Amino acid sequence: MHKNMILSVIMFIYLVLAGKGDNLNYIKRAMEDTFLRLSEQFPAVLVTGPRQVGKTTMLMKLMQEEGNNRDYVSLDDLFERDIAKNDPKMFLELHKPPIFIDEVQHAPELFTYIKIYIDKHNNPGDFWLTGSQAYRQMRGIQESLAGRVCLLNMHSISQAEACGVPTRPFEIDLEKLITREKEVEYIDSVQMYQRIWEGGMPALLSGQYTDRRAVYSSYVSTYIERDAKDISGAINTLQFMNFVTAAAALTGQMLNYKTIAQAAGISEAKAKEWLGILEMLGIIFYLRPYSNNVLKRTVSTPKLYFFDSGLVAYLTRWSDCETLMSGAMSGAILENFVVSEIIKSYNNCGLEPFVYYYRDKDTKEIDIIMESDGKLYPMEIKKATMPAPQTTRAFSVIDKSPLIRGTSAVLCLSDKLSAFDRNNLIVPIWLI
């Protein structure tokens with residue numbers, strides 16, 4: 001048996017035992033086709049994202065399907081990391097491409113030598129790379145490998161992936177939504193909140209583990225806190241936990257450093273620094289306000305969201321989906337879920353969505369504005385099965401924009417796709 005194949009089989013067995021490569025209940029990831037397509041074009045493809053969202057598992061599966069002719073090395077292995085950092089040229093002599101380098105952020109010294117190798121050989125798909133977070137050291141990868149590497153952002157499992165239906169970038173297009181309705185099975189409000197409460201961690205949805213509380217507790221303390229310490233140095237564990245919980249409690253709201261800082265017992269400067277770390281780790285993201293030269297009264301503060309709604313529900317201590325559905329955070333966490341699912345639908349296809357929110361100094365607000373092909377598509381998110389037509393009135397505030405207003409939508413808990421009129425659709429959230 002070829003040496004590389006033996007190494008790959010051994011490493012796959014190790015990953016299964018470690019819980020990183022469990023294919024027994026593997027949930028097909030939407031990014032698989034995107035990754036393979038780009039791997040046929042680019043010499044290097046880098047998949048970034050938080051730990052435990054399935055990057056390694058997906059690429060190990062694709063490596064198996066490829067025929068196990070690719071070497072595998074993880075820079076979580078301290079011996080391999082030491083070689084990669086101190087003698088990157090030797091590292092690439094020991095591990096000749098095609099190669100899958102896991103957790104590449106640990107050795108940014110490799111990037112220059114990967115560039116040299118690519119410039120000499122220029123073979124598509126030579127380097128499959130993963131990075132658990134956009135560490136400061138990784139910010140130079142696009143400079144080092146400009147034009148040679150394609151970056152993909154991977155998140156926890158989307159509802160489309162969990163349901164096993166095709167992933168497409170979400171659009172307010174009636175014909176596409178009609179097609180989507182035929183593909184997706186209807187779920188009621190309680191089932192939707194069950195989906196939100198459970199979240200999208202592969203270890204839970206695959207059935208590898210069943211204790212949700214234990215999984216999220218371990219995830220916060222073992223991964224988020226540890227990686228935060230790697231980035232910023234010493235961290236007070238209790239303060240950091242209070243901080244993450246305070247941030248989760250404000251999901252879907254305009255960013256307020258002071259409120260988070262007071263709840264966590266830290267300074268505003270520290271709250272800002274730690275939020276930067278969570279963003280760097282792929283745990284949170286910001287929705288920027290839409291603005292242009294005509295709409296001058298808009299606010300400039302972004303809104304805070306988490307990529308995984310289950311993590312929000314865990315941090316804010318909701319014991320089950322029914323309690324969450326009737327609780328004070330039900331609207332905010334529903335909004336968080338919708339916005340994150342829209343972002344995932346684009347990122348899983350290798351695309352970056354142009355998504356914003358609108359709020360002006362007269363407190364007029366639109367939850368989501370999507371920009372595409374010279375048009376603005378406004379959307380409201382409502383925890384209702386039959387939203388009122390008045391919900392669409394807020395959309396008129398963007399008519400002053402130089403861009404045309406496209407079809408509008410209210411995203412809600414309706415049991416079917418419907419419309420107020422030709423220009424204002426009623427879209428069930430389970431269609432995203």
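1. Both faces of strand β6, which spans residues 284–287, are covered, with Ile284 and Tyr286 buried on one side and Phe285 and Leu287 buried on the other. This arrangement is read from a predicted model, and the points below should be taken in that light. As background, the side chains of a regular strand alternate between the two faces of the sheet.

2. The partner of strand β6 is strand β7, made up of residues 303–306, and the two pair in the antiparallel sense over four bridges. Within this pairing, Tyr286 stands opposite Leu304 of β7, and Tyr286 is also one of the buried residues of β6. In general, strands of a sheet pair through backbone hydrogen bonds, and they may do so in a parallel or an antiparallel way.

3. Elsewhere in the model there is an open sheet of five strands, arranged in the order β2-β3-β4-β1-β5 and paired in the parallel sense. Strands β2 (71–74) and β5 (149–153) stand at the edges and have a single partner strand each, so one side of each is left without a neighbour in the sheet. From one strand to the next, the twist averages 15 degrees.

4. Inside this sheet, strand β3 (residues 99–102) and strand β4 (residues 127–131) run parallel and are joined by three bridges. A pair to look for in the structure is Phe100 with Trp128, since Trp128 in β4 is the bridge partner of Phe100. Helix α6, formed by residues 110–121, lies across β1 (44–48), β3 and β4, and it runs at about 160 degrees to β4.

5. A student checking the backbone should pause at Pro97 and Pro98, which are joined by a cis peptide bond with an omega of about 5 degrees. Pro98 is found in the loop between helix α5 (88–94) and strand β3.

6. Two residues other than glycine deserve a look for their positive phi values: Thr363, with phi near 65 degrees, and Asp373, with phi of about 50 degrees. Thr363 is found in the loop between β8 (355–359) and β9 (365–372), while Asp373 lies in the loop between β9 and β10 (375–381). As for their surroundings, Thr363 counts as exposed because its relative accessibility is 53%, and Asp373 likewise counts as exposed at a relative accessibility of 76%.

7. A search of the whole structure finds zero disulfides, and two cysteines help to show why. The closest cysteine sulfur to that of Cys321 belongs to Cys163 and is 15 Å away, which is too far for a bond. For Cys349 the closest cysteine sulfur is in Cys150, at 13 Å, and this is again too far for a bond. Cys321 counts as buried at 3% relative accessibility, and Cys349 is buried as well, with a relative accessible area of 17%.

8. The last point concerns empty space inside the model. Rolling a probe the size of a water molecule over the atoms shows where such space is left. The count comes to four cavities of 30 Å³ or more, and the largest cavity has a volume of about 80 Å³. Residues that line the largest cavity include Pro50, Val53, His155, Ser156, Met201 and Tyr219, and also Gly282, Ile283, Phe306, Phe307, Asp308 and Leu311. Of these lining residues, Phe306 falls within the span of strand β7, residues 303–306.

Key
Residues are numbered from 1 along each chain as its sequence is written. This is a predicted model: local features need pLDDT of at least 70, side-chain atom pairs count only at pLDDT 80 or more; totals for chains, interfaces and linings use all residues. Side-chain values use heavy atoms; hydrogens and water are left out. Two strands pair if DSSP finds at least two bridges between them. Axes are lines fitted to C-alpha atoms, for helices over the stretch in contact, and angles run from 0 to 180 degrees between N-to-C directions. Contact means heavy atoms within 4.5 Å. Buried means under 20% relative accessible area, exposed over 50%, partly exposed in between (1.4 Å probe, protein chains only). A disulfide is a pair of cysteine sulfur atoms within 2.5 Å. On a 1 Å grid over the protein atoms alone, a cavity is a set of points where a 1.4 Å probe fits but cannot get out, and a pocket is an open set with protein on both sides within 12 Å along at least five of seven lines; lining residues have an atom within 4 Å of a point. Grid points are joined across faces, edges and corners, and a volume is the space filled by probe spheres set on the points.
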